[in-house]
Amino acid sequence: MGIVMWRLGGERFRAAAVAWGPVAGPFKIAVAGEPRNRDLYFHALAPFATDLSTAVRAAADDRVARTRGSRTDRLPANGLQLVVANRSTVGALGLLGRYLAYLSDRSGVSPDPNLMEAGKHLRFYARHSRTPGQALIVPLDRLLSEHWATLLSPLEQANLAALDAQIEPGRGVHAFEASAAAERIARIGPEPTEDIDRVTTELVEAFNEDRAGSVDPAVVTPLLEPISAHYRALVEPVWALIGRSVSRERGLPAAPSVAGRFESDREAFGRHVDWVSDGGRYRTTDTPRQAAMTLRRLEQARSRYEAERAIEDPACMVPYLLDADAIRGTVTNLNEDHRTVVRVRAVQRPLLTLDTDDPIVLPAGKKLWWTAAAHDAPWEVVSVTRHAAGSRAVLMLTTVARNDRLPALRGRATFSTLRTRSEGFPLALATAPPWTHQPERPPAAPEPIDAGDAETPAAAVDGSAVADPEAYR
Amino acid sequence: MSRKRPPSAELLTKELAKAVAAKDTARAIELTRQIESQLQSDLKETNGASRDRGSGASSGERPSFAAAPAVVPVHWTARSAGSARQTITAALSEIGVPAKARLVADYAEARFGDRVDTRGFSALRRDERRAWASSSPRPTYIVPALEGRFFQPIRGLLALSDWPIERRLMGPWSERTDHLAATAQMARQLAWLSERDRAVAVGLASVVAGMARSVPGALDGPHVDTARVEAAVEAELAEFEELDKPWRSESAARARKQLSPEEQLWGRQVKVVGAGES
Amino acid sequence: MAKRSRSGRTTSKNEALAAVRGNAPKASPNVRRLAAFAKVHSCPTAVLAFAAGVDSNRVLTGTRLEMPFGQSPFAIGRGVAFENLLRQHGHAELRRVLTEGLEVDFALAPVENLRQGFQPNRTGLTMRASVTKNHMKEIVTGLPRPIVLDGAVLRAEVGGITAFFEADEMAIGVGGEILVGENKSWPVVDGRPTDADALGSALDQAATYALLGRRTLAEVGVDPDRVSGDVVIVTPRNTGLSPVLHRQNVDGRIRRIERLLAAVPAVSDIAEDLPAGLSFDPVADTSADDDARLDAFAEITDQVGNVYEPGSCLTSCGFAWACRECAFGRGDPAVAGGSVARALPGVATLRRVSELGRGAPPSVAEAPAAGPIARAGRLYDEAVPVPAPRRRRPA
Amino acid sequence: MIRAGAAPSPFDAAVVDAAAAVQDEIRRDLLARVGEQAAVVAAAPAGAGKSYFVVETIGHLREQDLRVAVVAPTNEQVHSLVERITSVFPGTPVSFVHAQGRALPLAIAARPGVSQPSAREARDNRDRLVAATIDKLADAHLRDGLGEFDVLVIDEAYQADAARYYTAADVASTHLLVGDSGQLDPFSTLDDPTFWRGGAEDPLQTAVGVLLRNHPSTRVHQLPITRRLDPRAVPIARSFYPDHHFDAAVRPGVRQLRLDRPGPGTRSFASIDRALNEAADHGWAYVTLPGAAVVMADPATAEVMLNLVTRLIARTARATCENRRGFEVLRARDIAVAVSHNDQKDLLRAIFDDAGLGAVTVDTANRLQGLTYEVVVAWHPLAGATVTDAFHLDPGRLCVMLTRHRQACILVGRDTDRVLLDGVPPATPGYLGWDPDPVLDGWDAHELVFELLGPHHVTA
């Protein structure tokens, strides 16, 4: 499912428009007119919330068994994947989720449960987006800048239009000029620029005037058209951009490791859905325990992701080769039966000679993993000497010989500091934090944050009307 | 871990940028393919996308990578590309040693086709001096080479501010040493270019010829044999460096002791030169 | 004009800089411009513009390289509304939030509102500055009791130019310590601001006021440390506008701002020996066409030099897009970002990087970077075997 | 200058006594709290003799027959703790519980009293003194448990992050945290390590940090002494501990370094020798190469560092100190080379090995934390840089480099490095409830160090 969101300027929780639908398909759009009015806002968001919640539950419904050792889990066969234009949209959805996940009743009326559920889902997606290599929510700016080499600086890579233009600038136009132009013209959101909201202002003011305080759909809906048109026009190019970007990435062969990573995604997805359907509530602030475990989990996911990328894609290995964190060459000698004394007794420790094309610098004792056995025992650098134009490195396996541990003689082989086996998944920490980690005030229980919703929306003020508009950043 | 590794995308960026800047179609295609292969490290989006996409999966949308960005010949942005400062900086860093304005201009014209008006050089020197922001080692400025006794700026002998001071000091053997070093470098450059860009090579050849003229055995008849030039030049260069190096490092040591950071770049304005000295 | 600029007298120096500005949009230093300046202070062109009081965000207005720094009317409206909320009904909300946040009763505290009754111009600011100064002196020397200064104005010399800084509020609790306050209309949720950089600059702004407050006290011979190293940031809580106060120590930031103010070059130094006829006037001339204006700008950067660093320029300087185009035009590796440029010491252009990547013989100057570059080139070729490329180069 | 034999104490009695007083106070404080949920923090400057203090304290605790667990972040650190315990209290039973493949070096394992039981054995026999890495202790605790301890002693507590402390903390109710606040903070490979910053739950704050955050009343004692550094080194070391006063234990002149005169034919090494003389005479030398645009692992800088070490050895450096009678010749393993980046390390390691200097330690600041050498040659973090950034400004990194030595430290950089600090420190984001500013602290520390090194500047 693709999602495009436009906020009202400066209003972190107010989606002026949300568009959603199948990527490269038609999209639905929800427009509140005056998103700062709770009733109008929730009424407008309802269809989106319902579609999202339904899609999530549907995706989680059909399960497959996965057996690991003694235990068997039922993972979703799939996960609902959200595709958005950029990382800031992920953040915006997270905030929206935070808002909707816990809503207070108003005059005895409890809010639409779909809103609350959708809120929980959005929060989950936003949190999960921190996991390196995850694919449940895909901010295309990150995806494209990981996949494509462009002239753009890291900061500029946050602009999907610029990235797209660099990748396909169009015949006769230079990539630089294409992206510069795209940057000028394209509006991607979620935060609107001045020119957009100058228009929005007039529309919203007119809308508020016409509805004369009414929130009755019968009255309001007909009045929404100009605003919907305004945002439809803003969403369309972004929607097209998303479709184009996705279809470009599509149709390329998968890397072997993708399945594994997506399995952890599905696992997380399943856990989330179960938790929510059991009426579970997420803390809005991590406990020390959650934070500690999250930290370790993310760090492991990261090193695994980096290792898998580099090992599966030669182009990704190059930086490691350049930084002497990896060496590549031809295996010119292999002594399987070499023995060495470990502690007291002599044990088998195969020796290998690798001739590299480039002179390399490696300290003896440095541990390297053969890329074909990066989950297994490392090799240790014994010596590195100049040889021909390059170097000759002698490596010793840190365990006994086994076929799948030894590269072929006279074959090319790459050894790097990258390994794909993480040092065992960290054990679940004690649920009761030790006294040292108990704040005097325990972390706040999830609370509704919509207390101030009733306030009447502020009048828009044009930059030219105030002495120092910058003062309100 | 005490080193932050740049993502491989940045290395490819460099590569692609090089190709783009060099208007090199061949290289650019290579790179685009490399980049394409990098895509393989991820199909997950594809899975997801296809799951989303419903029925109409138009794989026909996929662009042919041969038509990808860098492949298109660059039409160079004119703005300030021709600026004297930029052309001279580029030329100097390729020559690598202090050089006379004339030579820099000739080299630049042969290499980049940018004609630099040497009459503008004095203005340029004033601008550079003015622009120099002591609070930052950036950007690179065009500075005068310094005479190595009293460290006064030598008019019309250009160097770059990010060169170590040794290289910017001139002593009794330095001028010849630098001339030889420059000639050797240009000869190598010519050799390399002659297989790639005929037109440029031809232009550069005459510059090299002009420089090699003073080197015994470097030239033989009208056409330039880069190997021959290089050999002849290197031979003489070896002798000169032996004399020049110690002198320069000694002088550099004094300069760094006596001169402020500013003076180390722009030279010291000495009013009177002792008669006994020079 | 160029002649006069060479003379030593400050007045003529100011004239010289006035000439540099010409009819370009004016901008006098304030707390945010100061912060922006910090990011580009090593760029001669940006420094010149700052010293000449040129509004770098508006000079290129109307050209294709004008940067969209404008703000949504809703965002501004929200800010204005939040300020009003704090002040309405005799500052009821401000009193409440100060009382709760500082645990000192401000319910009956006098609120000196310096936003009213002064002309919205330099004269008004000058008066507010002296009123502020007197108030501060009275307060710290007088009886310790809660007082609030709303819209205090602090005067400072920035690079030899007198500038006025308007602090949202100064709160004086029991104990006679002055706390500087800054109001921001972005929300804090679950005790976290939605944007750490926004909070960072808010704290920097407050730190600037605290520093200037200390200097003001010093001027009147009072212990400057009576201005606290803590500042208060007042923001809406959660989804509404209801204010909440955060108190934070900014001693470090105050030290940084001190350095920043010291780093602003004196106008007189800048004015020294300006190139004859150098002016932003033609750049800002909206009647001229794009290229003429942008060429005029390129001419200035060429004469005084500039430093383009995407990371800092694009977020803080209205010249950034123009500088980026110049940088690209000359093949400056900086366009790809600082980390790329840093890997290429001594290599002048991307074009040259390309050649070195394919084995071109490096000069002495290029040698240090050439090795890694050449190796990178070879490694990528090995990593991805490439079929002989099709040649499709139009003549 | 001390003549062998007719020697007054080499130590500054006032300093030593002051330190002893603080240490007694810490132990009283700790013993008084045994059984309570309470902790005592001992903050130490570089080379305060933390480990000895830890070992002695363990001795006191054992005298009371309290069951003690002692941990540190890395295996190396725990190994040397075990070694020290058995040398100070020969025969004391020490159980080293280790992860597979992390057993003690034979020399230490062979000592009387030392055993290496499994976690289960250690629990069932209720071993009285258990040593382990903080992670192994946590792991063992979560699996089979190690049984309740009376006191948990954490060494290098400023290197351990809150996440690791979380589990370890459960093994005992009373804790002693000992650490050096000037060293490098725990780091993470995450893109957004500041995600939790400012919150009490932040897993990346130090063990001490989380403790004080949740229990502000916890007492923090400051050891007012450094035993590693001599008086000449203290002023520079102080710039990393702004609000922690300390002095050197040894008196001026006790530590001395002597070099042979440069022999004939060594003129080309003149500047290197000048630097060495400066370092020998004053304990510091700041060597700079000319300013130039260079790559991170700059060969020219590496060569200067190699020359410094080869000449130091060639001129048969001899040192005396409080533990030596007369002068002893320095060995290669008394020397360390400190860098910021792995590629600098790899480059130096290779050329040092080629030069037959394999015994000289070459490593990054991160891995030199807590270690001691006679002479240290350090690669200035800002050497040749054109811009400053948080990583290279980190005060912890510079602190580690400049506080490992007993005799002399030689810092190598470039003429232009100092100019970087004429600019303005980069702006930093804000986090509610978190107000330190490492970037700015680093900036100040670097500036102060440049200033203090001025008199020892030698151009190479």
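**Exercise 1. Get a feel for chain A.** Find what share of chain A is buried, then describe its make-up and extent.

*Solution.* Start with burial: of the 473 residues in chain A, 49% are buried. Keep in mind as you work that this is a predicted model. Next, look at the secondary structure, where chain A has 12 helices and 15 strands. Then take the extent: along the principal axes, the C-alpha atoms of chain A fill a box of roughly 90 × 60 × 45 Å. Finally, turn to the contacts in chain A with a separation of 6 or more; residues 24 or more positions apart account for 65% of these.

**Exercise 2. Do the same for chain D.** Work out how the radius of gyration of chain D relates to the value from the globule rule.

*Solution.* First, list the elements: chain D has 16 helices and 19 strands. Now compare the two values: the radius of gyration is 23 Å, close to the 23 Å that the globule rule gives for 460 residues, so chain D is as compact as a globular protein of that length. For the extent, the C-alpha trace of chain D spans about 70 × 60 × 45 Å along its principal axes. Burial comes next, with 55% of the 460 residues in chain D buried. To finish, consider contacts in chain D between residues at least 6 apart in sequence: 76% of them join residues at least 24 apart.

**Exercise 3. Describe a helix pair.** Classify the packing of H2(A) against H3(A) by angle and by hand.

*Solution.* Two numbers are needed here, since packed helices are described by the angle between their axes and the distance between the axes.

1. Locate the helices: H2 of chain A covers residues 87-101 and H3 of chain A covers residues 113-128.
2. Read off the geometry: the angle is about 140 degrees and the axes are 7 Å apart.
3. Apply the cut-off: an angle has to be over 145 degrees to count as roughly antiparallel. H2(A) and H3(A) are therefore oblique to each other.
4. Add the hand: the crossing of H2(A) and H3(A) is left-handed.
5. Inspect the contact: the residues of H2(A) that take part include Val90(A), Leu93(A), Gly94(A) and Gly97(A), while those from H3(A) include Leu115(A), Ala118(A), Gly119(A) and Leu122(A).
6. Sort by class: the contact of H2(A) with H3(A) has 12 nonpolar, four polar and three charged residues.

**Exercise 4. Map the contact of chain A with chain C.** Find which element of chain A gives the largest share to the side that touches chain C.

*Solution.* Begin with the residue numbers: 50 come from chain A and 42 from chain C. On the chain A side, the elements that give two or more residues are H2, H6 (175-185), H7 (194-211) and H12 (314-322). Of these, H12(A) gives the largest share, six residues. By class, the chain A side divides into 26 nonpolar, nine polar and 15 charged residues.

**Exercise 5. Explain a covered helix.** Determine how many residues of H13(C) are buried and what covers them.

*Solution.* Helix H13 of chain C runs over residues 320-329, and 10 of its 10 residues are buried. Among them are Trp321(C), Arg324(C), Glu325(C) and Phe328(C). Now look around the helix: the cover includes H6 of chain A, along with H11 (290-304) and H12 (310-316) of chain C. Just past the helix, H13(C) is followed by Gly331(C), whose phi is positive, near 70 degrees.

**Exercise 6. Compare two backbone spots.** Decide whether Glu103(C) and Asn238(C) are buried or exposed.

*Solution.* Take Glu103(C) in the loop between H5 (73-102) and E1 (111-113) of chain C; its phi is near 55 degrees, a positive value in a residue other than glycine. Glu103(C) has 10 other C-beta atoms within 10 Å, so it is exposed. Asn238(C) lies in the loop between E7 (227-236) and E8 (243-249) of chain C, and its phi is also positive, near 60 degrees. With 21 other C-beta atoms within 10 Å, Asn238(C) is buried.

**Exercise 7. Follow two prolines.** Locate Pro288(A) and Pro190(A), and say what stands out at each.

*Solution.* Pro288(A) is in helix H11 of chain A, residues 288-312. Pro288(A) is buried, because 27 other C-beta atoms lie within 10 Å. Its contacts include Pro433(A) and His437(A), as well as Ala162(D), Tyr166(D) and Glu201(D). Pro190(A), in turn, is in the loop between H6 and H7 of chain A. A cis peptide bond joins Gly189(A) to Pro190(A), with omega about 5 degrees.

Terms used:
Residues numbered from 1 in each chain as written. Chains lettered and ligands numbered in written order. Predicted model: local features only at pLDDT ≥ 70, side-chain atom pairs only at ≥ 80, totals over all residues. Helix = DSSP H or I, 4+ residues; strand = E, 2+ residues; numbered from the N terminus. Rg over C-alpha atoms; globule rule 2.2 N^0.38 Å. Buried ≥ 20, exposed ≤ 12 C-beta atoms within 10 Å, placed from the backbone. Contact = placed C-beta atoms within 7 Å. Axes fitted to C-alpha atoms, helices over the stretch in contact; angles between N-to-C directions. Parallel < 35°, antiparallel > 145°, perpendicular 65-115°, else oblique. Left-handed = near helix turned anticlockwise from the far one by under 90°. Nonpolar A, V, L, I, M, F, W, Y, C, P; charged D, E, K, R; others polar. Lists of a residue's contacts leave out its neighbours within four places in sequence.
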